[in-house]
Amino acid sequence: MPVSCRLCGGSAILKRPKTGDALCKDCFFSAFEAEIHQTILDAELFKKGERVAVGASGGKDSTVLAYIMKLLNERHDYGLDIVLLSVDEGITGYRDDSLETVKRNQMQYDLPLKIVSYEELYGWTMDAIVKQIGLKSNCTFCGVFRRQALDRGALLVKADKIVTGHNADDIAETVIMNVLRGDVARLRRCTAITTGADGALPRCKPFKYTYEKEIVMYAYFKKLDYFSTECIYSPNAYRGHARTYLKDLEKIRPSSIIDIIHSGESLSIKKDVKMPTQGTCTRCGYISSRPLCKACVLLEGLNKGLPKLGIGKEHKERKKLALLQAQSFNQTIEPATSANVTTESSTPSSSSIAGANTVPQRIDF
Amino acid sequence: MCQVDEEGISLLEKKPSFGASSRDCMKCGDRAVVIARIKDAFCRSCFLTYFVHRFRATFGKAKVIRDGDKVLLAFSGGQCSSAMVSLVKRGLDQSTHKKLRFTPALIYIDEGVVTGQSKEERATTCQKISDIMKETGFPWYIASLEEALEIPAQNSSPDTCQAGSSFHSNQDPNTDELAGKLEGLCLETEHTQRCRDLLASAKSLTAKQDLVSNLRNRLLVHKARQLGYHKVAVGDSGTRLSSGILANLAKGRGASIPVAMAFADDRWSDVTILRPMREFTTKEIVMYNALFNVDSLFQPTLATMAGDYASIDTLTETFINELQTNFPSTVSTVFRTGEKMCTAGSDDPDAVRRCSMCKSALDTSVGISSALSATRFSLHISRKEGSSTNENSCKATKPDDATCTDSSSEQCCGQGDGSCHSNQMKSVSAESLSKTLCYGCQVTVRDMDLNLLPSYIVEESAKIERRSRMRDEIKDFLLCEES
Ligand SMILES: [Zn+2]
Ligand SMILES: [Zn+2]
Ligand SMILES: [Zn+2]
Ligand SMILES: [Zn+2]
Ligand SMILES: [Zn+2]
């Protein structure tokens with residue numbers, strides 16, 4: 001028996017994961033689009049005349065994001081100047097396909113595209129880094145570098161803002177991860193719809209309340225072309241646990257994803273909990289709680305032939321660096337400072353968060 | 001998206017590979033028999049010293065117990081509350097400055113109605129439990145879960161609260177024989193069937209478990225009031241509380257995490273819930289019980305009868321336990337994260353509006369840019385009618401409920417000129433509940449038959465709504481904000 005659309009009575013083609021309602025294709029499209037528009041209005045994400053960089057990886061979230069930003073911008077006259085921004089890590093064979101997708105999107109959506117390469121930004125391609133350090137820790141590099149690459153690229157194209165495709169599932173997962181690893185500073189920030197407003201370029205997430213499944217549905221029925229970009233390096237086991245947990249929760253109660261975000265929004269951190277002070281990197285100006293940001297520490301290691309520097313607890317490498325620094329004239333970093341860098345923005349001193357060092361860190365959005 | 005994990009697992013504190021048997025006690029150098037916390041090896045007697053000291057310190061730190069206070073210990077027969085009772089006994093027996101200085105009593109709440117036990121099965125359990133409780137030498141009480149359905153709304157005058165008919169204890173002057181007391185315990189009343197219907201109406205196990213724990217907490221607080229206790233101690237371990245933190249997050253109950261794990265949970269104004277076992281892991285408690293012959297009584301619960309993936313609570317518990325096995329700092333990390341949380345905007349604790357179901361701070365006054373308003377918008381846009389989907393299912397009003405003797409039923413329905421005296425308070429709409437329930441409780445009742453909800457929820461919701469309507473009417477003439 002055909003199910004009829006809850007809104008128009010026509011024949012329904014899907015059941016919305018978010019509300020459980022049966023809708024036809026067109027009613028789903030307009031509901032989906034109206035919700036993103038509402039999110040943008042409610043959170044006052046943009047101002048007329050702003051130049052907005054859409055992080056485009058060729059993946060589903062960013063493909064749908066680029067499409068819908070263009071659509072809403074025209075439909076509701078946001079007056080935004082939208083630029084697609086892609087990062088080329090320089091991994092042979094890995095980015096080729098996804099960059100092709102981005103280029104196709106650019107033509108289809110008629111949006112300007114800027115591709116920034118690691119080589120251009122850092123002087124190193126991922127392939128060259130892998131050659132230096134082997135396969136073991138390269139995800140540290142590509143994650144840290146990628147996060148900054150978007151900011152640095154956005155500055156290059158003179159954008160006022162970065163828009164990313166992080167969806168409700170991503171945010172719920174991050175809330176859980178931050179609780180599991182005891183990272184209260186990120187826990188506080190990770191449900192904010194706009195981050196980094198003070199200092200760095202603001203980043204915002206119009207998909208904050210959008211279910212991943214609905215994004216896939218939208219792309220599927222709109223026949224949007226995307227490339228599946230899972231990182232080729234295996235994801236961390238701990239985050240894998242959190243992801244599995246979230247998927248299981250969703251099976252038990254589909255609203256769990258949004259419920260978790262509500263939980264995150266209604267919590268804050270006690271005033272007497274010590275928070276890391278945010279400053280900027282003395283070398284590149286990027287936001288960092290340490291004198292040197294993570295990327296600069298990693299680069300320092302690469303350029304000095306100590307690529308393990310800044311990854312985990314590589315004391316030996318730090319000692320080697322200290323030695324090098326002692327011998328060098330124009331060296332400005334103190335060994336103790338750089339040696340302590342484990343994440344660029346928010347790892348508090350180990351005394352303030354018990355267990356913070358016992359669970360792996362991840363760069364947040 | 002690429003994950004950055006700082007060389008992943010190498011940072012994690014891996015489980016120590018050595019067993020307790022090959023180690024010496026960290027205090028006295030004797031052979032260790034047990035490993036507490038993450039890697040502290042203890043011999044039997046040093047473990048006892050550590051355990052008792054830590055228990056006492058948990059009480060001491062909080063400074064909420066005054067000398068001679070009466071504390072009601074919630075005893076379920078399980079490992080954690082059995083250990084708690086044993087520790088209280090040791091604490092009272094200790095000499096001089098280490099002594100615990102309060103007067104305890106035990107209360108057992110029989111939940112047989114939840115697992116579908118017969119009257120006879122329940123009576124047998126109560127008999128066993130009363131034997132254990134009698135052994136302690138403390139006063140003890142037994143109540144059944146369904147009595148929670150008789151609890152009047154909290155705001156009603158205290159005189160309307162009478163001792164429940166099925167409430168029994170060794171303090172009852174009429175019955176000095178144990179057998180006599182248990183015979184009098186009513187395990188099959190009109191409320192038993194109502195409770196069964198209510199539980200059966202829950203469409204998900206998650207909602208059912210939330211409801212059971214709500215009934216249980218309400219009843220504990222209610223019984224404490226009746227018996228003149230202002231403190232109730234429960235046996236929740238750190239492990240359980242950590243898994244509760246995560247489960248609460250998942251259920252949209254983030255705002256209640258701080259009270260739900262606090263040593264002193266003050267959401268019930270006149271009765272404080274204490275959690276003296278919160279600094280122990282479940283494993284440590286089990287070791288204590290095994291080493292010092294503390295008996296406990298295993299009883300099936302909803303959780304043990306269902307699978308691991310049956311509800312958010314069971315899933316979360318399994319998840320935390322598995323993580324804890326591989327990464328022994330999981331529980332303490334989650335616990336300490338929880339300790340650093342507070343409810344957003346809770347600067348003025350007295351002005352807090354509370355949920356009429358769980359009594360935690362109402363978390364629904366959020367801005368337009370929020371998960372709650374986004375959800376409402378989604379429902380609105382894909383239904384064109386707003387969120388009042390349960391409207392039809394709750395139109396049916398129960399005629400003249402016999403339990404409704406509260407004087408407030410004489411009040412007007414609030415819709416007319418004040419002369420109707422109709423008994424409208426029994427009907428409750430999703431709409432009005434959404435104004436008086438917190439986010440998490442709204443999610444819970446979404447899965448239930450609203451007509452069967454306990455009267456303490458329905459009446460309180462109705463009362464709050466009537467008051468807010470009254471307030472609306474006179475608001476132009478009010479000179480200052482009054483809560
Ligand atoms: Zn339709
Ligand atoms: Zn990677
Ligand atoms: Zn830098
Ligand atoms: Zn010893
Ligand atoms: Zn509630």
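Student: How do I read burial for one residue: is B:C43 buried or exposed?

Tutor: Take its relative accessible area and compare that with the cut-off; under 20% means buried. B:C43 has a relative accessible area of 7%, so B:C43 is buried. Keep in mind that this is a predicted model. B:C46 has 12% relative accessibility and therefore counts as buried too.

Student: Which metal ion do B:C43 and B:C46 help to coordinate?

Tutor: The zinc ion (ligand 4). Its donors are the SG atoms of B:C25, B:C28, B:C43 and B:C46, at 2.2 to 2.3 Å. Along the chain, these donors follow the spacing C-x2-C-x14-C-x2-C.

Student: How do I read the geometry of such a site?

Tutor: Look at the angles among the donors. For four tetrahedral donors the ideal angle at a metal is 109.5 degrees. At the zinc ion (ligand 4), the angles among the four donor atoms are 101 to 117°, and the site is tetrahedral.

Student: Which residues coordinate the zinc ion (ligand 5)?

Tutor: B:C355, B:C358, B:C438 and B:C441, each through SG, at 2.3 Å. The four donor atoms subtend angles of 104 to 115°, so this arrangement is tetrahedral. The spacing of the donors is C-x2-C-x79-C-x2-C. The pair B:C355 and B:C441 links distant parts of the chain, 86 residues apart. B:C355 is in the loop between β10 (341–343) and α13 (371–383) of chain B, while B:C441 is in helix α15 (residues 439–446) of chain B.

Student: Are B:C355 and B:C441 buried or exposed?

Tutor: B:C355 is buried, at a relative accessible area of 0%. B:C441 is at 2% relative accessibility and counts as buried.

Student: With these cysteines in mind, how many disulfides are there over all chains?

Tutor: First the idea: a disulfide is a covalent bond between the sulfur atoms of two cysteines. To find one, look for cysteine sulfur atoms within 2.5 Å of each other. Over all chains, the count comes to zero.

Student: Why does A:C190 not form a bond with B:C342?

Tutor: The cysteine sulfur closest to that of A:C190 is in B:C342, and it is 15 Å away, which is too far for a bond. A:C190 is itself buried, with a relative accessible area of 1%.

Student: How should I read a nonpolar core?

Tutor: In soluble globular proteins, nonpolar side chains tend to be buried together. Here the largest nonpolar core has 50 residues. Those with the most contacts inside this core include B:L72, B:C355, B:M357 and B:L437. Helix α6 (residues 205–227) of chain B gives the most to this core, with nine residues. A second, separate core of 44 residues includes A:I171, A:A172, B:I312 and B:A371.

Student: Which residues does B:M357 touch, not counting residues up to four places away in sequence?

Tutor: Among them are B:L211, B:N214, B:R218, B:L437, B:C441 and B:Y456. B:C441 is also one of the donors of the zinc ion (ligand 5).

Student: How do I tell whether residues that are distant in sequence meet in space?

Tutor: Set the sequence separation beside the distance in space. A:A242 and A:M177 are 65 residues apart in sequence, and their C-alpha atoms are 6.3 Å apart. A:A242 has its place in helix α10 (residues 237–252) of chain A and counts as buried, at 0% relative accessibility. Leaving out residues up to four places away in sequence, A:A242 touches A:I176, A:M177, A:L180 and B:F319.

Student: What about A:K114, in strand β5 (residues 113–117) of chain A?

Tutor: A:K114 is partly exposed, with a relative accessible area of 26%. A:K114 and A:L85 are 29 residues apart in sequence and 4.9 Å apart from C-alpha to C-alpha. Beyond its neighbours within four places, A:K114 is in contact with residues including A:L84, A:L85, A:S86 and A:E120.

Student: How do I read whole chains?

Tutor: Use totals. Chain A has 14 helices and eleven strands, and 61% of its 365 residues are buried. Of the contacts in chain A between residues at least 6 apart in sequence, 69% join residues at least 24 apart. Chain B has 16 helices and ten strands, with 53% of its 483 residues buried. The accessible surface of chain B is about 21,700 Å², and 50% of that belongs to carbon and sulfur atoms. Chain A exposes about 14,500 Å², of which carbon and sulfur atoms supply 53%.

Technical notes:
Residues are numbered from 1 along each chain as its sequence is written. Chains are lettered from A and ligands numbered from 1 in the order in which they are written. This is a predicted model: local features need pLDDT of at least 70, side-chain atom pairs count only at pLDDT 80 or more; totals for chains, interfaces and linings use all residues. Side-chain values use heavy atoms; hydrogens and water are left out. Donors are N, O and S atoms within 2.8 Å of the metal (3.2 Å for Na, K and Ca); water is not among the atoms, so sites may look incomplete. Four donors count as tetrahedral if all angles lie between 85 and 135 degrees; four count as square planar and six as octahedral if opposite donors are over 155 degrees apart and all others between 65 and 115; anything else is irregular. Helices (H or I, at least four residues) and strands (E, at least two) are DSSP runs, numbered from the N terminus. Buried means under 20% relative accessible area, exposed over 50%, partly exposed in between (1.4 Å probe, protein chains only). Contact means heavy atoms within 4.5 Å. A nonpolar core is a set of buried Ala, Val, Leu, Ile, Met, Phe, Trp, Tyr and Cys residues joined through side-chain atoms within 4.5 Å. Accessible areas come from the Shrake-Rupley method with a 1.4 Å probe; for residues, only the protein chains shown count as cover.
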